[in-house]
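Work through the following exercises with the coordinates open beside you, and attempt each task before reading the solution beneath it.

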Amino acid sequence: MRLRNLIIATVLTPLFLVLLVVSLVAIVSLEDNLRTKLQSEVQVLSQAIGTSLGYALTQEAPREALQESLHAAFSFHRIYGAYVFDTRGNKIYGLGLGETLFDPEEIRAVADSGEELGAYRRHERWSYYSALVPLTTPGGEPRGVLQVNRLNTGVENYIGFLSLVVLGGFVIAAVGIVALIWWGFRRHIERPLERLLEVMERVGGGERQRRASLEGPDEYRRLSLALNGMLDALAAKDADIEARRRKEIALERRLRKSKKLAELGVLAAGVAHELGAPLSVIDGQAQRLERRATGEDEQRRLTRIRGEVARIVGIVRQLMDLGRRHNLEVAPCRLDDLVQGALALVEGGDDIEVRLPEPPPTLRVDEQQLTQVLTNLLHNARQASPEGRVRLSARVIDAELCLRVEDDGPGIPDEHQGRVFDPFFTTKPAGQGSGLGLAMAHRIVSDHGGSITLGDTDLGGAAFEVTLPLDNET
């Protein structure tokens, strides 16, 4: 059952029933009081003139005495008829209206019993209260019967009609009150509840940003504020859980990457051991032939052989460094010193746009390895956009420093973004990159307890973001 129907059924309906019963009881009491008053007036009047009428009946000429006494009765208010009957029911004398209100048998019965009789009677279009009073001599001998007719007042005459009017007015008022209460309940209680319910249903359906409007009475505004606060708290919890989930995913990825690099280091160590001797022999023989070469073309080819051997040796060393975790020689390092050291190693570093916070924060890092990371990222950005913009920026978020290296080059295709930190993956032409630079940067940043990710930039190219913990001891 709906709340408004429940209130009407359990509160208003019993209340109206009680009021109706009280009203009907009041009307009945009013009617009884009026009838009792009417009867009392007639009885007092009858007793007042009954004695004189009884005495008049004992006289030799009773008509004149009766006439005088009955005329005196009409001095009372609303007495419209007064008659004297003998003991057999025959009229002796009378004045006014309502002579035939009682049958002769009823009159004789009053004379025989000596007891009064009162009744409400209608004659033609009038309503009366008529009383029959036995007339006796001073010695108690019955001599006749007095009939007194009193006309009902307007209220007495229409008491039943007034009851219907009151009942009808009560019903109309009750219906009006119920309608007003229903309208007020609908406007000020039900509609705000429906709005709150709609908000909760939409939030439950996935619209997590939905909030309740602060409308209606103060109680509903407070309820809306409490609901919005609860939804905001849940949203904050969801955001925190999502952030933790992302961090856990990123940590898991770094762990997988570190495990892969460690396995690669073991493989690289074996490869280096197996390739070291043959490469040394090739390089030694090429060096001897280079000293004995007589032609320029022969000299150039031998130099190229030695260069390729040196490149292979460098790649093997990089693989070995990539696969093992180095002991970091951390020390406090100002961010601006770290950036200036990296810019000095990059060709065209003076043209790179730098945005650092003031004052520059301090990090506890291995300065040499972090310089290698920044140098590699700036070098890649400059190669991606030789004549364009390269920007290095930093900002502090909570207890972490975020470094961003951005360029306005062609960017990295979507199909390659998930592989940029894999060893030997490169988008550069053959011979221009080993594909180990970003993998090495990933390993160094991970060793420092940070992370490196690929993102978007408003410059239109690629953006690499390095996150590192700040030095909390300074």
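A residue is called buried when its relative accessible area is under 20%, exposed when that value is over 50%, and partly exposed in between. The model used throughout is a predicted one.

**Exercise 1.** Determine how many of the residues of helix H10 are buried, and name them.

*Solution.* Begin with the extent of the element, since helix H10 covers residues 437–447 and therefore has 11 residues to be tested. Applying the under 20% cut-off, one finds that 10 of the 11 are buried, so the helix is largely enclosed by the rest of the structure. The buried residues are Leu 438, Ala 439, Met 440, Ala 441, His 442, Arg 443, Ile 444, Val 445, Ser 446 and Asp 447. As a last step, look past the end of the helix, where H10 is followed by Gly 449, whose phi is positive, near 80°.

**Exercise 2.** Locate Gln 147, classify its accessibility, and describe its surroundings.

*Solution.* Gln 147 belongs to strand E5, which spans residues 142–151. Its relative accessibility is 0%, and because this is under 20% the residue counts as buried. A polar contact of 3.1 Å links the side chain of Gln 147 with that of Asn 149. If neighbours within four places in sequence are left aside, the residues in contact with Gln 147 include Gly 81, Ala 82, Tyr 83 and Phe 85, together with Gly 98, Glu 99, Leu 101 and Phe 102, and also Ser 130, Ala 131 and Leu 132.

**Exercise 3.** Carry out the same kind of analysis for Thr 375.

*Solution.* Thr 375 sits in helix H9, residues 367–384. With a relative accessible area of 16%, Thr 375 falls under the 20% cut-off and is therefore buried. Apart from neighbours within four places in sequence, Thr 375 is in contact with Ala 342, Leu 345 and Val 346.

**Exercise 4.** Identify the residues of the nonpolar surface patch, and state which helix supplies its largest share.

*Solution.* The patch is formed by Leu 24, Leu 167, Val 171 and Val 175, whose accessible area together is about 310 Å². Helix H5, residues 159–204, contributes the largest share, namely three residues. Leu 167 lies in this helix, and because its relative accessible area is 32%, Leu 167 is classed as partly exposed.

**Exercise 5.** Count the disulfides, and classify Cys 333 and Cys 402 as buried or exposed.

*Solution.* Requiring two cysteine sulfur atoms within 2.5 Å of each other, the count is zero disulfides. Cys 333, at 5% relative accessibility, counts as buried, and Cys 402, with a relative accessible area of 6%, is buried as well.

Definitions and conventions: Residues numbered from 1 in each chain as written. Predicted model: local features only at pLDDT ≥ 70, side-chain atom pairs only at ≥ 80, totals over all residues. Heavy atoms only, no water. Patch = residues over 30% accessible without salt bridge, like charges linked within 9 Å, V, L, I, M, F, W, Y side chains within 5 Å. Areas by Shrake-Rupley, 256 points an atom, 1.4 Å probe, with all protein chains shown as cover. Salt bridge = Lys/Arg side-chain N within 4 Å of Asp/Glu carboxyl O. Helix = DSSP H or I, 4+ residues; strand = E, 2+ residues; numbered from the N terminus. Buried < 20%, exposed > 50% of the residue type's maximum accessible area, 1.4 Å probe, protein only. Polar contact = N/O pair within 3.5 Å; in protein donor to acceptor, adjacent residues only side chain to side chain. Contact = heavy atoms within 4.5 Å.
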